[in-house]
Amino acid sequence: MKATEKEHEGGGRMGSRTSERDQSWIPNVIKKRVCTTFVEDSSSNGSLCQCGSGRDTHSSIATGDCFGAAIVTQWNSSQHSSEYPTDAFGEMEFTGAGRKHSNFVRLSCDTLPPVVYQLMTSHWGVRSPNLVVSVVGGGGNEKVKTWVREVLRQGLVRAAQSTGAWILTGGLREGIGRCVGEAVRDHSAAASSLSQKKVIAVGVAPWGLVSDRQKLVNEQGSFPARYYVQNTSWDSCCLDINYQAFLLVDDGSVGRRGVETAFRAKMEEYISHQRTGLCGSGSIDIPVLCMLIAGEGNMLERMDLSLSKNIPWLVLNGSGRAADLICELLDALSALPTCTTSPSPENEGNQSPSAELRDRARERVKRYFPAKAELEKLVDRALSIYQNRDLITVFNGEQESPDDFDTVLLRALVRANKRVSSNASEYTEELKLAVAWNRVDIAKSELFNGDIQWKYKDLEDSMTDALINDKPQFVRLFNENGLNIVDYLTYQRLEGLYCSLSDSTLTYALLQRRLSERHGLAAPHKEAGSLATLPSAMDLESPLKSSTSPVSPMSKPTSPKELSLYEVSRLLWDIMGDVCQPFYYTLLELDQSTSTWRAMKHVNRLLLGECSYRKQHCQYPWASLFIWAVLQNRSEMAVYFWEMAGESVLGALAACKILRELSKLESETETKLSMKELAQKFENLAHDVFSECYQSNESRSFTLLIRQSPMWGEATCLQMATAADARHFFSHDGVQSLLSQIWWGAMERSTDVWKLVLAFFLPPLIYTKLISFREREDEGKSHVHHGRDTDSLDGDATLFSFSDVNQTPEQDEEYAALKDSQKEAPSFHPKRSFILMRWREFWFAPITSFLGNVLMYFLFLSLFAYILLLDFKPPPPHGPSTLESILYFWVFTLVCEEFRQSFFMASTTLYQRMKLYIQDMWNKCDITALSLFALGMCCSHTFSKVQEHSDTYWKFQRYNLILEYHSRPCLAPPFIILSHLHLLIKRHIRKIPSTKIKHFVLEIRGREASRLNTWEAIQKENILTAQNKREREKDSERLKRTSVKVDIVLKQIADIRSWMAEIREHEHRVKTERAELEYCTSALSWVVETLSQSNLIKPTRPPPTLRTEPSISS
């Protein structure tokens, strides 16, 4: 499907062929309408039918039915036209436009909306909308006011881009349809390519009104049809070039307007019952809003029809006649009683308006449409519209700013949802709309400003919507405002999140492959209750439904056919390899040593039962979500979960490992590159956080590298970095410092090599001052961790000394045995303890083992060359010689060491052991050397190959080298056979368990682990704060903040100007009223004076005098 969409977007011959093949089914499903009865138009002298077409365009059957036509006085589409397979569909190329093709289809006015919606979303590749705004009115050549154009350009199209909306209009190059098209064009020119895809303009136009429509006709479909935009006659109009799709509604007539009205209303109603989000996974139905601009009297019928389907309307007051009439009716009739009798619940929908209400409505309808013959029908429509006034929102464009248009849309839809669903919370519905539109700015300013106390149940569904549809800003917002991730994320909901993966992702394909393997194991069994007899996952309700749904996610029936955590665990194990223990195995009651076949059988039985683990809350919720996001290559979501999960260095390295392994399997080049970029980003994050930790406290940073993590399957940072091939991380000075200390053991790193060589051949010199050793800490500090000061989190605290890191398991065993012998024999001499300790410190150091192997290898090569060139004896009985026997024994000891390394490692199966052994660089060298030896013995020839590495690559390989010699016995071949015998006695005869196979591992639990995690989190926060500060200081960010401030200032200036205008208007009104008051005063004075001089009336008291209040200043 992805490839199909890309070919379609790219255009070209291949894309056309693909589209033609995919849409060949359209004529079988979608029909057109053709007039089948010629009903003469009396004004045309018999040349025209009432459908608008000429006599010559009708078939002989249509014109031959004289009797049927004689008794018909009015042409009707349903009675006088028939459906035939459509002959106009495919792609349309606007000649000379230089833009992508537009999809189109000619369809009958009776076509079912589900068919059209599926055609658009599944075959045309139009994204499912998060909002549909249907713009009506303003058709024909009616002039559109300037402020209406600005509302469309700055308000509607911007809101459509930010919410991922469809804009439905007539799609013709006239009136409002042309203005919307121009606004979409201007937005596409100014916006980025990513946002262009979100503005979808769909034209729903009458087929018989479109000019040059015959150029679109092709029974096999047009891919593309070339369409010319030109001047047209009065009764037809051309299609607008700026629309992505056209639905050309056909009722068999020609030149008639309003043909598409009924179909468009049905389409709007159908979409309003579909779910938002990926594959309908959203928490709300798709909001549909009709927007009325101007309009004629027929718009009242159109509006009444949609309101009866509970479709909300936004009316632009001041835009034109029909819109102004509605706004005036809402304002003028609000104070009047709506019915003659008080309504009851039984007859609420059949209330009759009061006489006064009807008279007021008739008066206003007559004022706006005085020439209408059917005045009473318009009055009835107006009163019916008024009855549904709760679904109508008025936008005063001359008073409100277009910048607030998206908020107005939100309010209108929330108001409608509240009216339709009386039990719904207004704020919850508003939040769901904001999530569907991905408008976190509206959510922050309107819903999470501190005025509303959100509860967990209010955020649950919206959180699921945000997770599935990749809206990390909302996930962050919910987490900061009352949603507890521990309560939210159960294992059942986690499985639901994996079930919601898009089928176009690599992870989905890999999980389905493992699910099919488990299905295949249970397929032969047909007993009752088995896998084959259970319904599939699609037959069950989604596990992501909240507890308010009919089936609770905690009690929802489960099926083995559903994707489970076992498939996730297997995928992660295949990706991560042997670096960590399998995820979720303990939860599924599985053991690491369990075979795959037995594990799948166990999981099938487990899922057939109660499956109680799904009710449990995730032990590590943030880490589980982090893995889920990384597997989908969701960059922003994964980084946020990484910030929240803890154990930042190890988590970033784990993500690096996962992404690099997935990139090897990904076939899409673009996705492969993005995975590699994200993997490198996480490696850089691990490097930066560890750098901050190393600068804060060197000792703690060493502990961070080698501690086992229960969250990540008992893995360590060094193990994960090696598996992830994180060479940049290994090049850090802190990592190299730790490796150097392990390499030198208890000896000082400044020791000269020649001193080591001399001590190697003369061991008593290690007890002199020839070699410097670091002083060991006292017993309590070296071996008792609980006595350490771990309360401080600043950089001066020391959590663990390096003696803990440097001490090998065998040394621990021998040291413990030495302590026991000291307790049993109090007379044990301290000098003897020093001798044994110094002996171990020298011979057990990895550099000593390496040096011994190098020196002995040179001796081996010398002996090998001597025998091969000078002393090579024939087979028995004449040979071999003594030196040749020694050489063979030497090779035998080398083979024994390689055998020990390959068969006594931590992997569970022989295959995994051999695979891990072969992957090691140094083991490859050993195998090569042994192979060359055998080749040399057979062919009297040997050779070697030297490869140079860069500094970074060498630092990465240095870890493997140190790991190699840290695990080897201290004696070099051929004397290594003594070490092998020692290990054989200790492990298999004395049954002393070995922990040395776990290299560079430090187990920390309880309070110490908590303190270390807190300290690491603090360093991570320091890094993130510094990064955010650098981002804010960038010129682009400064310019953006300045632009926002300028916009605020300009808006304030506009408000001030508005206020000044209002003040001037008030001043003018006050002056007018003052002049009128002076006139009244003069007139009254004249009346008083005249009456006082008259003898007609005799006053009983003197006239009143004006009383003035003293001024404040006086």
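The legends below describe three close-up views of a predicted model.

**View 1. Packing of helix H28 against helix H29.** Helix H28, covering residues 648-665, and helix H29, covering residues 669-696, have axes that come within 8 Å and cross at roughly 160°. Because angles over 145 degrees count as roughly antiparallel, H28 and H29 are described as roughly antiparallel to each other, and their crossing is left-handed. The residues in contact include Leu653, Cys656 and Leu659 on the H28 side, and Met675, Phe682 and Val689 on the H29 side. By class, the contact of H28 with H29 has 14 nonpolar, three polar and five charged residues; among the charged ones are Arg660 and Lys664 in H28 and Lys672, Lys676 and Glu683 in H29.

**View 2. Surroundings of Glu182 in helix H9.** Glu182 lies in helix H9, which spans residues 175-190, and this residue is buried, its relative accessible area being 19%, where the cut-off is under 20%. Leaving aside residues up to four places away in sequence, Glu182 touches Arg149, Arg153 and Asn242. Between Glu182 and Arg149 the separation is 33 residues in sequence and 9.6 Å in space, taken from C-alpha to C-alpha.

**View 3. Cysteines Cys237 and Cys717, without disulfides.** The count of disulfides comes to zero when the two sulfur atoms of a pair are required to be within 2.5 Å. For Cys237, the closest cysteine sulfur belongs to Cys238 and is 4.9 Å away, which is too far for a bond. Cys717 is likewise in no disulfide, with the nearest cysteine sulfur, that of Cys693, 9.2 Å away. Cys237 counts as buried at 5% relative accessibility, and Cys717 counts as buried at 2%.

Methods. Residues numbered from 1 in each chain as written. Predicted model: local features only at pLDDT ≥ 70, side-chain atom pairs only at ≥ 80, totals over all residues. Heavy atoms only, no water. Axes fitted to C-alpha atoms, helices over the stretch in contact; angles between N-to-C directions. Helix = DSSP H or I, 4+ residues; strand = E, 2+ residues; numbered from the N terminus. Parallel < 35°, antiparallel > 145°, perpendicular 65-115°, else oblique. Left-handed = near helix turned anticlockwise from the far one by under 90°. Contact = heavy atoms within 4.5 Å. Buried < 20%, exposed > 50% of the residue type's maximum accessible area, 1.4 Å probe, protein only.
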